[in-house]
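Work through the exercises below with the sequence and the structure at hand. Each task is followed by a solution in steps.

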Amino acid sequence: MEPKELMDSLSAVCVILFTPFNEKDEVDEDGLRQNIRFILEKSKGHTEKLVFIVNGSMSEFYALTEEEQKKVIKIAVDEVGGKVPVIAGTGHSGTKPALRMSKYAEEVGADGVMVVLPYYLTPCTEGMYMHYKTIAEGINIGVILYNNLDATKAHVDPELMSRIAEIPNLVGLKENSTNLAIIRKMMKLEYEGKLKVMIGKGEFWYAASIPFGCSSFATCLANFYPEFSLDLLKAGRSGDVETAWKLIEEKFMPLQEFTEKLTKKRVTTSVLPPQLTRSYVYLAVRKAVMPLVGLSGGKTRLPIMPITEEEKQELKMVLERIGLSVQG
């Protein structure tokens with residue numbers, strides 16, 4: 001897929017695919033294929049489109065070996081078979097390994113790559129610019145910059161982003177800031193046709209960004225509830241704010257409130273202020289849904305701890321409340 005074609009395709013629900021693990025804590029290939037088929041089947045006939053992202057934060061890319069990351073990319077490209085675009089997360093703390101994984105993603109047929117900001121050491125603005133320039137010039141497919149404040153201790157602000165957006169093949173921005181003023185400024189780059197802005201923190205913040213004309217958001221909920229995510233995007237793209245917030249209240253908030261309840265029971269080790277981080281109980285809760293609704297996965301890899309059996313019983317009631325059919 002040409003970079004411009006990928007940019008046009010990003011007006012979509014961008015599903016961060018979970019990486020399912022089996023009982024031996026190995027990547028569950030059959031499970032990943034099953035989950036992909038489920039999402040594609042549920043989206044049939046819907047007016048809004050999908051994009052699949054593998055090796056993102058909710059895919060637990062940081063807990064995968066390089067060979068496992070490659071395996072997940074290849075499985076997804078093979079199973080999707082061109083039905084929807086596949087974007088591979090290829091971020092790394094160093095530019096050379098990020099470029100190496102990006103080249104692999106291109107070789108096996110990924111339509112684009114998503115590259116989180118360099119982490120561990122925070123580069124200066126010129127180092128950040130050269131990181132993305134080097135990667136984009138080293139491949140022929142589209143590149144999406146991933147602004148993730150809590151994971152990288154850095155943020156590409158609108159001024160630097162406007163410069164990076166001039167790099168050929170740079171087609172998108174996954175923006176995890178919850179500062180609506182920043183989102184509004186980033187959207188100016190989309191209005192100018194330079195890139196697509198994807199709301200990075202999911203459905204709630206997409207709903208809040210509807211007045212800016214946002215047409216894309218990343219989500220892990222669509223792993224098990226794609227109908228909700230697609231319906232929300234449809235409401236947002238038509239400017240139906242009332243329907244969008246009704247969907248949020250009925251289909252999202254019960255799960256969010258359950259997650260917040262579990263978060264309060266756990267002690268964080270983060271030294272970042274609360275507005276710049278999130279508890280990854282969020283991931284454990286979302287993955288725990290999968291087997292409860294008949295899909296593959298549910299396990300998280302250390303150091304992320306799973307939720308308890310007692311919490312899973314309460315989760316079942318939450319899922320029924322938001323309209324999902326629970327098995328067992």
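**Exercise 1.** How are α2 and α3 oriented to each other: roughly parallel or oblique?

*Solution.* The model is a predicted one.
Step 1: locate the helices, with α2 covering residues 29-43 and α3 covering residues 66-80.
Step 2: take the packing geometry, an angle of about 40 degrees with the axes 10 Å apart.
Step 3: apply the cut-off, under which angles below 35 degrees would count as roughly parallel and those from 65 to 115 as roughly perpendicular. The two helices are therefore oblique to each other.
Step 4: add the handedness, since the crossing of α2 and α3 is right-handed.

**Exercise 2.** Determine which residues make the contact of α2 with α3, and sort them by character.

*Solution.* Step 1: from α2, list Glu29, Leu32, Arg33, Ile36 and Arg37.
Step 2: from α3, list Lys71, Val72, Ile75, Ala76, Asp78, Glu79 and Val80.
Step 3: sort them, which gives six nonpolar, six charged and no polar residues.

**Exercise 3.** Is Thr19 buried or exposed?

*Solution.* Step 1: place Thr19 in the loop between β1 (13-16) and α2.
Step 2: compare its relative accessible area, 2%, with the cut-off for buried, under 20%. Thr19 is therefore buried.
Step 3: examine its surroundings. The Thr19 side chain reaches the backbone oxygen of Ser59 at 2.7 Å. Beyond four places in sequence, the contacts of Thr19 include Val27, Leu64, Val72 and Lys287.

**Exercise 4.** Which residues is Glu311 in contact with, neighbours within four places in sequence left aside?

*Solution.* Step 1: find Glu311 in helix α13, residues 309-321.
Step 2: note that Glu311 is buried, at 5% relative accessible area.
Step 3: read off the contacts of Glu311, namely Phe258, Leu262, Lys265 and Arg266.

Key. Residues are numbered from 1 along each chain as its sequence is written. This is a predicted model: local features need pLDDT of at least 70, side-chain atom pairs count only at pLDDT 80 or more; totals for chains, interfaces and linings use all residues. Side-chain values use heavy atoms; hydrogens and water are left out. Axes are lines fitted to C-alpha atoms, for helices over the stretch in contact, and angles run from 0 to 180 degrees between N-to-C directions. Helices (H or I, at least four residues) and strands (E, at least two) are DSSP runs, numbered from the N terminus. Angles under 35 degrees count as roughly parallel, over 145 as roughly antiparallel, 65 to 115 as roughly perpendicular and the rest as oblique. A crossing is left-handed if the near helix is turned anticlockwise from the far one by less than a right angle, and right-handed if clockwise. Contact means heavy atoms within 4.5 Å. Ala, Val, Leu, Ile, Met, Phe, Trp, Tyr, Cys and Pro count as nonpolar, Asp, Glu, Lys and Arg as charged, and the others, Gly among them, as polar. Buried means under 20% relative accessible area, exposed over 50%, partly exposed in between (1.4 Å probe, protein chains only). A polar contact is a pair of N or O atoms within 3.5 Å; within protein, one must be able to donate a hydrogen and the other to accept it, and residues adjacent in sequence count only if both atoms are side-chain atoms.
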